[in-house]
Amino acid sequence: MPWEKSFDMDDAVARAMKVFWAKGYEATSISDLVNGMGINKGSLYNAFGSKKDLFTRVVLKYDRENQQETIAHLEALDDPVVALTTLFDGLIAESAADTERKGCFLVNTALELPSHDEDIREMIKSAFADMEAFLRGQITLGQERGAIPEEVKAGETAKSILSLIVGLRVLARGVFDVAALRAIKSDALRLISA
């Protein structure tokens, strides 16, 4: 008799994300996933194949529902300086509200990158490349509209701002308070100001 799933796949992936997010990939056991997802081991393997396959779905879901949606929202603002300001304001607000100090799932995964297979490493690199491309595009657009000085080097500045975002996400997990996070925002915006 063929296996029949009795749970919502998207909900199960969302529950798995919470487990991986709390413990990291390496420290998460199949038992942790079974308990966190509310399904049995057989269902986990039948629906998702393996822990790694499930993690791949989690990374894709997080990127699609968090980073890609955020980028789309910011691009829709149609004002590069407002978009970058809004990005940092959102990161700071999210970090301040993160009482569990769990940080950003993509950044946390990047910190474990050496222990991941090449395909996971490529997914994370691609997610960071997407954010860098967004930043570079906003800087270029701001220059075209006269809101960002021409002498700002879009590629280099995008990398610097991405580094500040990653630093903010890591330090917000309990090292920096909100005032220090706002200082990071000020430094990032100074990179694109006249």
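Student: Let's start with Glu 132 and Lys 159: where do their side chains meet, and in what kind of contact?

Tutor: In a salt bridge, with 2.6 Å from N to O. Keep in mind that this is a predicted model, so the distance is a computed one. To read a pair like this, look at which elements the two partners sit in. Glu 132 lies in helix 7 and Lys 159 in helix 8, so the pair ties together parts that are 27 residues apart in sequence.

Student: Is each partner buried or exposed?

Tutor: The cut-off for buried is under 20% relative accessible area. Glu 132 has 15%, so it counts as buried. Lys 159, at 47%, is partly exposed.

Student: Which helices does the bridge between Asp 89 and Lys 185 join?

Tutor: Their side chains also form a salt bridge, at 2.6 Å from N to O. Asp 89 belongs to helix 5 and Lys 185 to helix 9 (residues 178–190), so this pair links parts 96 residues apart in sequence. Here the acid, Asp 89, is partly exposed at 35%, while Lys 185 is buried at 18%.

Student: How many residues apart are Arg 190 and Asp 187?

Tutor: Three, and both are in helix 9, so the spacing is about one turn of the helix. Their side chains meet in a salt bridge of 2.3 Å, N to O. Arg 190 is exposed, with 52% relative accessible area, and Asp 187 is partly exposed, with 36%.

Student: How many salt bridges are there in the whole structure?

Tutor: A search finds 15. Some residues are joined in a network: Asp 10, Lys 61, Arg 64 and Glu 65 are linked that way.

Student: Now the largest pocket. How much space lies in it, and which residues are closest to its centre?

Tutor: About 450 Å³. The lining has 24 residues, and those closest to the centre are Tyr 62, Gln 67, Thr 70, Leu 91 and Arg 169. For the character of the lining, count residue classes: 14 are nonpolar, six polar and four charged.

Student: Which helix gives the most to that lining?

Tutor: Helix 4, with eight residues. Helices 1, 5, 6, 7 and 8 are also among the elements that give two or more.

Student: Last one: where is confidence lowest and where is it highest?

Tutor: Check the average, then the elements. The protein averages a pLDDT of 92, and 96% of the residues score at least 70. Confidence is lowest in helix 3 (residues 41–48), with a mean of 90, and highest in helix 8 (residues 154–171), at 97.

Note on methods. Residues are numbered from 1 along each chain as its sequence is written. This is a predicted model: local features need pLDDT of at least 70, side-chain atom pairs count only at pLDDT 80 or more; totals for chains, interfaces and linings use all residues. Side-chain values use heavy atoms; hydrogens and water are left out. pLDDT is the predictor's confidence in each residue, from 0 to 100. Helices (H or I, at least four residues) and strands (E, at least two) are DSSP runs, numbered from the N terminus. On a 1 Å grid over the protein atoms alone, a cavity is a set of points where a 1.4 Å probe fits but cannot get out, and a pocket is an open set with protein on both sides within 12 Å along at least five of seven lines; lining residues have an atom within 4 Å of a point. Grid points are joined across faces, edges and corners, and a volume is the space filled by probe spheres set on the points. Ala, Val, Leu, Ile, Met, Phe, Trp, Tyr, Cys and Pro count as nonpolar, Asp, Glu, Lys and Arg as charged, and the others, Gly among them, as polar. A salt bridge is a side-chain nitrogen of Lys or Arg within 4 Å of a carboxyl oxygen of Asp or Glu. Buried means under 20% relative accessible area, exposed over 50%, partly exposed in between (1.4 Å probe, protein chains only).
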